[in-house]
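Biologist: Please take me through this model. I will ask, and you give the reasoning before the value.

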Amino acid sequence: MTGVQTCALPILAAVTVQIPYELTPNAPGGSLFTSSEAFLAVSENGTEGPGFRVRPVLNQIHILNRCDSAVPFGYRGSPCEPLVTHADGTLVTPWNPARSNEAIVLYAFGLGRPAKEVETGSTTPAPTRVAHIGDGLRVRFDFSANAEPSEPLPDSTSAPEYSGLVQGQIGLYQVNVRVPQVPVDTPPCIGSGSSNLTVSVGGVVSFDGARICVEP
C-alpha cells in the first residue's frame with residue numbers, strides 16, 4: 001500500500017510597497033561601507049514578519065503591463081499587454097497600432113527622483129519631471145518581431161520627449177516618446193501576443209521595455 005502525503009499550502013499575498021523618495025540612493029560603483037541602506041519588514045495584526053535590508057538605487061525601471069497590481073485609470077485586465085497608449089488614452093494594440101511620427105505614452109515605476117520631490121505615499125499634485133542624473137533617460141527602438149527589451153546605449157538611442165510623475169497618482173511615471181519612421185521591411189503584427197517594435201527605456205543602472213505593434 002502506497003501512502004500519499006499532502007500538505008496545506010500557505011495563503012500567498014502580494015504587497016505593493018513604494019520605496020521612499022526620502023532615502024538617499026546609492027550611486028553606481030559606490031562602496032558597500034558607505035552605501036545607504038534601509039530595513040523593510042511587513043507586519044499583520046501587530047505581528048512583524050522577517051525583514052530584509054534594501055539598498056536604494058538611482059532607478060529601477062519597470063514598464064507597467066495590464067496585469068500589474070497597481071495599474072491606473074481602469075486599464076487593468078488581460079491579456080498582459082504593456083501599458084502603452086496613444087495620445088487620446090486608447091491602448092496601443094495589434095488592432096490599434098502606433099504609427100510613424102506618433103507620440104505615445106509608456107507608464108512606469110522606478111524612474112528615480114523627480115525634480116520636485118513628492119512626499120512618500122502622497123499623490124502627485126502636478127506633473128513633475130524626472131531629475132535626470134548622468135546621461136538621463138535613453139530610449140531605443142527595435143523594429144523586430146517579438147524582440148526582448150535591450151539596454152539603450154548612447155550611440156543608438158534618443159531621449160524621451162517627456163518623463164515625469166503623473167498628476168493624481170502615487171509614484172507613477174509616464175514616458176512620452178515619438179515613434180520614428182517605421183522601416184519598410186518591418187514585419188507585420190499577426191495577432192494577440194505579437195509585436196513588431198520594442199521600445200526600451202534605460203536609466204543609469206536599469207532598463208525595461210514594452211513590446212508593441214506599429215503599422216508598417
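The questions below cover the fold, one salt bridge, a surface patch and the pockets.

Modeller: This is a predicted model, in which local features need pLDDT of at least 70, side-chain atom pairs count only at pLDDT 80 or more, and totals for chains, interfaces and linings use all residues. Residues are numbered from 1 along each chain as its sequence is written, and side-chain values use heavy atoms, with hydrogens and water left out.

Biologist: How many helices and strands does the protein chain have?

Modeller: Helices (H or I, at least four residues) and strands (E, at least two) are DSSP runs, numbered from the N terminus. On that basis the protein chain has zero helices and 13 strands.

Biologist: Which parts of the chain does the salt bridge of R178 and E161 tie together?

Modeller: A salt bridge needs a side-chain nitrogen of Lys or Arg within 4 Å of a carboxyl oxygen of Asp or Glu. For R178 and E161 the N to O distance is 2.7 Å. The two are 17 residues apart in sequence, so the pair ties together strand β11 (residues 173-178), which holds R178, and the loop between β9 (138-142) and β10 (162-165), which holds E161.

Biologist: Is V42 buried or exposed, or in between?

Modeller: Buried means under 20% relative accessible area, exposed over 50%, and partly exposed in between (1.4 Å probe, protein chains only). V42 sits in the loop between β1 (38-40) and β2 (43-44). Because its relative accessibility is 47%, V42 counts as partly exposed.

Biologist: What accessible area do V15, V17, I19 and V42 have together?

Modeller: Patch residues have over 30% relative accessible area and no salt bridge; like charges are joined within 9 Å, and nonpolar side chains (Val, Leu, Ile, Met, Phe, Trp, Tyr) within 5 Å. Areas come from the Shrake-Rupley method with a 1.4 Å probe, and for residues only the protein chains shown count as cover. The four residues form a nonpolar surface patch of about 340 Å².

Biologist: Which residues are closest to the centre of the largest pocket?

Modeller: On a 1 Å grid over the protein atoms alone, a pocket is an open set of points where a 1.4 Å probe fits, with protein on both sides within 12 Å along at least five of seven lines; lining residues have an atom within 4 Å of a point. The largest pocket holds about 790 Å³ of space. Of its 27 lining residues, the closest to the centre are V17, Q18, I19, F109 and G110.

Biologist: Which strand gives the largest share of the lining of the second largest pocket?

Modeller: This pocket is lined by 21 residues. Five of them come from the strand with the largest share, β13 (residues 207-212).

Note on methods. Grid points are joined across faces, edges and corners, and a volume is the space filled by probe spheres set on the points.
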